[in-house]
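Got your viewer ready? Load the model, switch to cartoon, and follow along one selection at a time.

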Amino acid sequence: MSTTADRADIPDPPDTAAAVPPAAAPTDGGLVSARDTGDAQATDGGTAVSGHRGPAPSGNGTPVLAQATKTGDATAIGPGATAVSGNLIVHHRGPQEPAPWPHQVGAIPSRAQSFQPRAEATRLREALHHGGTAMLGQVLTGMGGVGKTQLAADHARTMWQDGAVDVLVWVTAANRTAVVAGYAQAGVELCRADPNHPERAAAAFLAWLEPKKDAPRCRWLVVLDDVTDPGDLNGLWPPASPLGQVVATTRSREAALAGVSRRLIEVGLFTPAEALAYLTEALTAHGRTEPDDQLTALAADLGHLPLALSQATAYLADADITATDYRVLLADRATALADAAPDALPDDQHHTVAAALTLSLDRADTMRPASLARPMLHLAAFLDANGIPLTVLTSPLALTLLTAHRSPPSSQAPGSAPARVGEREAVAALRALHRLHLIDHTSDNPQQAVRIHQLTQHAVRDTLTRDQHHQLARTAADGLLESWPEVERDTALAQALRANTTALMKCAENALYQPDAHAVLFRAGQSLGEAGQAASARDYFRYQKNTATRHLGPDHPDTLTARHDLAFWRGVSGDAAGAAAAFAELLPDRIRVQGSDHPSTLATRSNLARWRGVSGDAAGAAAAFAELLPDRIRVQGPDHPTTLANRHNLARWRGVSGDAAGAAVALAELLPDRIRILGPDHLDTLNTRHDLAFWRGVSGDAASAAVALAELLPDRIRILGPDHPDTLTARHDLAFWRGVSGDAASAAAAFAELLPDRIRVQGPDHPSTLTARHNLAQWRGKAGDVAGAVAAFAELLPDRIRVQGPDHPDTLNTRHDLAYWRGVSGDAAGAVAAFAELLPDRIRVQGPDHPFTLATRNNLARWRGKAGDAAGAVAAFIELLPDRIRVQGPDHPDTLTTRHDLAYWRGVSGDAAGAVAAFIELLPDRIRILGPDHPDTLTTRQDLARWRGKAGDVGVG
């Protein structure tokens, strides 16, 4: 029996790619046979029925050779025929007629709530609209969650709604099978391809896209969304055509994605303005409003990642919390990133932020060198998202970590150790992560070679066990410490290392304090201070002291070291008296916990001596260093670097206490030992040469000091580099001593040349930069530009106050010199008023006996005389002199200066004979202490002659 079926009885497949049979289904057939039921045969378009036995499977409706025994025979031959035997029905589907245009294959993802127009959308439209030539395919590439699919969907939807395309094909391209299925569906619907052969149908569709002469003009757009592996598209890229457009989205940026007919468009994060607009609009849709400043801060916390912003707004609405509360939740180290996602994802999203950001990690770990990408990303997750130096990720300990995770080759004997990972393989692992947008890696900037989104870091850390977290944090700290140069010639690298240490501290929890405080914590604070940020270093070590106390206890050696460093940078930041008090408080704890001979105890005694000296007790500092030296020799030996440092400090404070010549002699004796033990290029050796030159200058030989510094400068440049702070300081002091030796104009020119380098290297607010401005003003005044000096000091003072504070010694010194140059400019009364205003601040901040306080009293007395009150000047100098002798000693150069000024103003006040007598008494002391050729000695001889002449006018010979 046979019948003829109408074609309309045969249902068409759904208009989706999913209806295309999988490639694995049988495709040969058209003949269905059922036996032992009776015979039935149907030809094209007919139906054959035989018997009534139960059904047999027929493979998802695809034509197969199917048998059902004991049911009778039925045979269907040709397309459109159906054979029925028993109740087994098998249908052989034939090609359908091409769909009319306009026609869409595949569903465009729905538009995201609060979709934001972006610059990338404009770039995409412009790239795809350059009429007259074959269109280039555009590949939207970017990290997970930046909105690549939404941008592609927006373009496709716009083109479709504007009638700009006749055929739109949207393919989810996660793997090759999915691409073939999508193309096959298009082939079936558009060009009568056989649905029973997906590969052939896909090829037919690609051939159909090729432009053909005299064929109807069909404008088409193919979107390949979420390409995972560029290899999946080998042979499947649509052809270049003046009528066609291709848009692909992918996390990958492998070179294979680009080509003659394709270009990459990098899709980045939202701009801050876009992020704020998105959050505002999305929250408004939920009936919520939040302050702009909180939304801006929330966007920054989420790294302006569109997917994260979308899920955050959904969480805010679901949990009914504020942006501030969400930020607190996000900042809580105990909160996993997945816990900050809503239960139901918005906008038909399939992945949480955490999943989206790490989705490509499995694939990256399979790239050559296999199994290294994952541990490399784990390590990067603990460092600075804004830039990680390459040296940290390729440090020896980082390579050891990678080696422990590498997969051994199949040829390697079981149980044998894997070959050590080299730097080249570590960089290859970084490139694998870069190619999948898990990091950004560049070779152009080694100091910030790797950047990684902060949420990627968070998501990666969430996957670690506690032990893994601890090990990776310590390994990251080790890598930082190994990368930290002893001499920070590269200031950008030093800044990057400090930033990475700060980032590590924020996420390491207590790992950096178990079993003890990691050395990188102290190195970072030292680097901060050496960079000129003394107040920041002080605050940093205050935090470290408190943290170490909490984790390790108050008597742990690392806690004591943090207290030591806090005291030191407290002194450098301007509080010398506070530093001395802190070291005095620390010393007994050092002795109790570590013993009197422990090197750390000796270091505390050394710093206690130093800061006592800086706070004004130079003689006490010299005595303390003299007392410490034998203990250094006994405990550490005469050639130990710290013993040599003690000798250096003893010489320095002898100089400060008034024995400049003795300081120069001691440093001259020290220098050969520095060279013998440490070498001529050691920093300590260079410092001894520098200070030897300085004290030679102070002792009266300014020309020799300038020559020595001119010889030192090339060595500073060679060893440290031209931009190192010590090199700049050598240039600074060379300019100073050239000025003192008589060439004020040259000094001013040198400081003018130095200042822009200080600004460029250390910044406009660095204390050394401010000091360079101070000395430039000083030497401009000495070179004759008095008004310029006054103006420069007046301009400098507010910056001193802003940067260093009103009570910093450097700020007080600038006030002092501003008063002086006001007096020199002719405003003696103004100078008197300024010095009188300064004096109580000197006493309050530095104490009544500090040398600078005494110097202010000296200048106040001098300018009172110049303002016309000679008698008042004499009285003030008489009152000052005993304090000079008591505090600084009778032979200190400053004491001799006060005696000189007292003699001078006695003469001016009318007592020429008294002036002569005082100068006669002073001169041999000047010669004995400073030498006959010192400028101050020559000044005393000159003034003695002058007042002898004046005394002769009134009968004194």
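Start with the whole protein chain: its secondary structure comes to 38 helices and 14 strands (DSSP runs numbered from the N terminus, H or I of at least four residues for helices, E of at least two for strands). This is a predicted model, where local features need pLDDT of at least 70 and side-chain atom pairs count only at pLDDT 80 or more, while totals for chains, interfaces and linings use all residues. Residues are numbered from 1 along each chain as its sequence is written, and side-chain values use heavy atoms, leaving out hydrogens and water.

Color by burial next: 52% of the 957 residues count as buried (under 20% relative accessible area with a 1.4 Å probe, protein chains only).

Now select helix 11, residues 373-380. Since 7 of its 8 residues are buried, it is largely enclosed by the rest of the structure. The buried ones are Ala373, Pro375, Met376, Leu377, His378, Leu379 and Ala380. Show what covers them, including helix 10 (361-366), helix 13 (396-405) and helix 16 (466-483).

Which residues line the second largest cavity? Select Leu302, Ala308, Gln311, Tyr326, Leu330, Leu337, Ala340, Ala341 and Val353 (lining residues have an atom within 4 Å of a cavity point, on a 1 Å grid over the protein atoms alone, where a 1.4 Å probe fits but cannot get out). Helix 7 (306-319) and helix 8 (323-331) are the elements that each give two or more residues to this lining. About 60 Å³ of space lies inside, a volume filled by probe spheres set on grid points joined across faces, edges and corners.

Definitions and conventions
Buried means under 20% relative accessible area, exposed over 50%, partly exposed in between (1.4 Å probe, protein chains only). On a 1 Å grid over the protein atoms alone, a cavity is a set of points where a 1.4 Å probe fits but cannot get out, and a pocket is an open set with protein on both sides within 12 Å along at least five of seven lines; lining residues have an atom within 4 Å of a point. Contact means heavy atoms within 4.5 Å.
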